[in-house]
Amino acid sequence: MKLTKLLTSAAVALGLAVPAFADEKTKVGFVYVGPVGDGGWTYEHNEGRLAVEEYFGDEVETVYVESVPEGPDAERVMTQMALEGADLIFTTSFGYMDPTINVAAKFPNVKFEHATGYKRADNVSTYSARFYEGRAVQGTIAGRMTKSNIVGYIGSYPIPEVIRGINSAYLHARKVNPDVQFKIIWAFTWFDPAKEADAAKVLIEQGADVILQHTDSTAPQAAAEAAGGVITFGQASDMAEFGPLPRVSSIIDNWAPYYIERTQAVIDGTWTSVDTWDGMDTGMVKIGEISDAVPADVKAEAEAMIAAIASGEYEPFTGPINKQDGSVWLADGETADDGTLAGMNFYVEGLEGTIPQ
Amino acid sequence: MLRLERRPQPSKMWSYLTPLIAVAATMIVGGLLFAALGKPPVEAIKTIFWDPLFGPFASYSRPQLLIKAGPLILIAIGLALGFKAGIWNIGAEGQYIVGAICGAAVALAFYPMDGFFIFPLMILFGGLGGFLWAMIPALLKTRFGTNEILVSLMLVYVAEQLLAAMALGPLKNPEGYGFPGSRNLQQYEAAYNAEIIAGTGMHWGVVAALISVIMAYILLGRHVLGFHIRVTGEAPRAAGFAGVHTGRLVVICLGLSGALAGLAGMFEISGPSGVVSIDFNVGYGFTAIIVAFLGRLHPLGILLAGLLLALTYIGGEMAQMTLNLPSAAIQVFQGMLLFFLLAVDFLTNYRVRIGQKEAV
């Protein structure tokens, strides 16, 4: 009697539980460092989120919080997301690294994906894109098009990701224009339109007629447009509204395929911790349309380089390359290994100034 | 006809009522704003004000309120002392940063040594760092008559550069693969400002904030210094006759607020934050100005205002998560709070009369 009653209630419980379980959507959270309207870095991550929503439809629910400072606030937001039932959380800024690891330790069943960092755990993957491949194309166009031979570069933080971009752009600019000079300003921010605009203005006053940026807003584009006679490149996003001038091309971060793939893995139960670093070959890095302001021969040269990098035929960091102090980094024909690239903390020969430290 | 009439005395009743009216007005206008954005207004207001306290995950968010409010209250108490005397320290953010750097530097100097004295020493240096940073505008004001508002504000940007230099240079983690940022103090037991009872949010910074509320209450109500502060703010000329030494008061008020801001920075960097990083500061020093005024420069008011603002931060994040409210809407909402407070404030000093002014 007792046993049957127990079994019946268990069956009832199961009967109730199963449809509830089947109904449960996979919840995917996103933590953004800037506002989704920044037109750059965060905007593209949010495009990736929207692509996930569109692809999975009712199967998946996404949530996000924007403009989250890197530190204890990020930790709180992630915890809150995990508590509210997120199954997978993408944390999309370098400074979220320690908070991601801390929160992941508290929620072993929630999967985390941290962009551009180097710390992993059983439930923390890292992913990034080889933006420096795009910088090679950018450097080529910049080197060909500058008249003053001064290229201005707005750096965010002196971390390897940013230094790689500077080195790659400089090497390829110098290759086509031995007289080119880079002026670098460190903004110490990812998103601060006022600071970014100031940096662009200072660089233009110092004679730069090309502005490259590794910050997230469109403010440098607007500053270049106002100054006139200056070209820029869209950063992280196409920034097509500033074309055909000053924006002549762009590096686009295309996160959507990766976000869809990882969400699928969580749904299928096949998610494992990985370290992904994709480039033009998989389409994670794309080059935005090269505008008509670029002469046809330069455009053809850039497009040939895009094809060569995408096919794996050309590697942007191919020797001979010396470090800034003149010592040999890569011998003739040698290519850089991922370990060195991931921790790059030196300028290549020819760049002036020092990395802040 | 409506007519405004200046009150002979500021109304005591209204000075207590206006913060409540401001909060209510913010809820109503904020609700309209959310509705205009196509979000359910009542649910949004409930998410912001109710869920962090009594929602399904309140056991997590309630302690977080203390963590968020702690530094705000600690800084605002210091600022309020100066503000009451008409001494305007706008640079608490800078003093917060320098206090944090000094405290963390002490810890990193002793790493990985174990010792009970390390944390007290960090507290000392944290307070001292903030104090000294505030002494710059204080001495410039007393010696050369410079404006402390400008000097203290500008020193925030100097402090930010100093912070970047420290995170990239002397305090950088030697095992950090060349990335900027110091060792994580949370992993250094002797320096870690951990929760006193796990899961309560009560770390030493929160305790210090509560102590500062009590001390400020006693100081303003019972101590001669509190009398000097009040009389200087309300009647500067009378203060001279009452034997107040203005220069000394400037030094004391700026020094105290600097030290408290420095302490807040030190408790934050050794606890919730853990790392000397380029963007360690997130604006507590500026938000504390709002807290001080929202709390009517009264210690108990500041305690409540700090908790209220922390609530809007945490509830605001929840509203972003559950309702997809943009973060800018939350910031507007927080801004409204101060706006309405200042707007309603005139009821303290004026009264509304209906009808013609009587003949005199």
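Which residue in E8(A) does A:Val151 stand opposite? A:Val151 stands opposite A:Val210. The views below are taken from a predicted model.

**View 1. Strand E6 of chain A and the two strands it pairs with.** E6 covers residues 150-155 of chain A and is mostly covered, with five of its six residues buried. E6(A) runs parallel to E7(A), and six bridges join these two strands. A:Gly152 has A:Lys183 of E7(A) opposite it. Between E6(A) and E7(A) the chain passes through helix H6 of chain A, residues 160-176, and this β-α-β crossover is right-handed. E6(A) is also parallel to strand E8 (residues 210-213) of chain A, to which four bridges join it. The pair A:Val151 and A:Val210 belongs to this second pairing. In a regular strand the side chains alternate between the two faces of the sheet.

**View 2. Two residues of chain A with positive phi, A:Phe188 and A:Ala236.** Most residues other than glycine have a negative phi. At A:Phe188 phi is near 50 degrees, a positive value, and the residue is not a glycine. A:Phe188 sits in the loop between strand E7 (181-186) and helix H7 (193-205) of chain A. With 22 other C-beta atoms within 10 Å, A:Phe188 is buried. At A:Ala236 phi is positive too, at about 70 degrees. A:Ala236 belongs to strand E9 (residues 231-236) of chain A. For A:Ala236 the count is 25 other C-beta atoms within 10 Å, so this residue is buried; the cut-off is 20 or more.

**View 3. Two cis peptide bonds, one before A:Pro320 and one before B:Pro112.** Most peptide bonds are trans. In chain A the bond that joins A:Gly319 and A:Pro320 is cis, with omega about 5 degrees. A:Pro320 is placed in the loop between helix H10 (296-310) and strand E13 (321-322) of chain A. In chain B the cis bond runs from B:Tyr111 to B:Pro112, and omega is near -5 degrees. B:Pro112 lies in the loop between helix H5 (92-110) and helix H6 (118-144) of chain B.

**View 4. Helix H5 of chain B and the surroundings of B:Leu185.** H5(B) has 19 residues, and at 1.5 Å a residue they should span 27 Å. The end C-alpha atoms of H5(B) are 27 Å apart, which agrees with that expectation. Of the 19 residues of H5(B), 16 are buried, so the helix is largely enclosed by the rest of the structure. B:Leu185 lies in the loop between helix H7 (148-168) and helix H8 (204-222) of chain B. B:Leu185 is buried, with 24 other C-beta atoms within 10 Å. Leaving aside residues up to four places away in sequence, B:Leu185 touches B:Ala104, B:Ala107, B:Ala191, B:Tyr192, B:Ile269, B:Ser270 and B:Gly274. B:Asp51 is 134 residues from B:Leu185 in sequence, and their C-alpha atoms are 32 Å apart.

**View 5. The contact between domain 1 and domain 2 of chain A.** Domain 1 comprises 2-130 + 255-278, and domain 2 comprises 131-252 + 287-342. Their C-alpha centres lie 33 Å apart. Across the boundary, 16 residues of domain 1 are in contact with 17 residues of domain 2. On the domain 1 side, helix H2 (residues 41-56) of chain A gives the most, with four residues. That side of domain 1 has seven nonpolar, six polar and three charged residues.

**View 6. The contact between chain A and chain B.** Here 29 residues of chain A are in contact with 27 residues of chain B. Strand E2 (60-65) and helix H3 (72-83) of chain A each supply at least two residues of the side of chain A that touches chain B. H3(A) gives the most to this side, with eight residues. By class, the side of chain A that touches chain B has 15 nonpolar, eight polar and six charged residues.

**View 7. Chain A as the setting for the close-ups in this chain.** Chain A has eleven helices and 14 strands. The C-alpha trace of chain A spans about 95 × 45 × 40 Å along its principal axes. Of the 357 residues in chain A, 52% are buried. Among contacts in chain A with a separation of 6 or more, 66% are between residues 24 or more positions apart.

Definitions and conventions. Residues are numbered from 1 along each chain as its sequence is written. Chains are lettered from A and ligands numbered from 1 in the order in which they are written. This is a predicted model: local features need pLDDT of at least 70, side-chain atom pairs count only at pLDDT 80 or more; totals for chains, interfaces and linings use all residues. Two residues are in contact if their C-beta atoms, placed from the backbone, lie within 7 Å. Ala, Val, Leu, Ile, Met, Phe, Trp, Tyr, Cys and Pro count as nonpolar, Asp, Glu, Lys and Arg as charged, and the others, Gly among them, as polar. Domain bounds come from an automatic or database domain assignment. A residue is buried if 20 or more other C-beta atoms lie within 10 Å of its own, exposed if 12 or fewer, and partly exposed in between; C-beta atoms are placed from the backbone. Two strands pair if DSSP finds at least two bridges between them. A crossover is right-handed if, with the strands pointing away from the viewer, the path from the first strand over the helix to the second runs clockwise. The expected span of a helix is 1.5 Å times one less than its number of residues.
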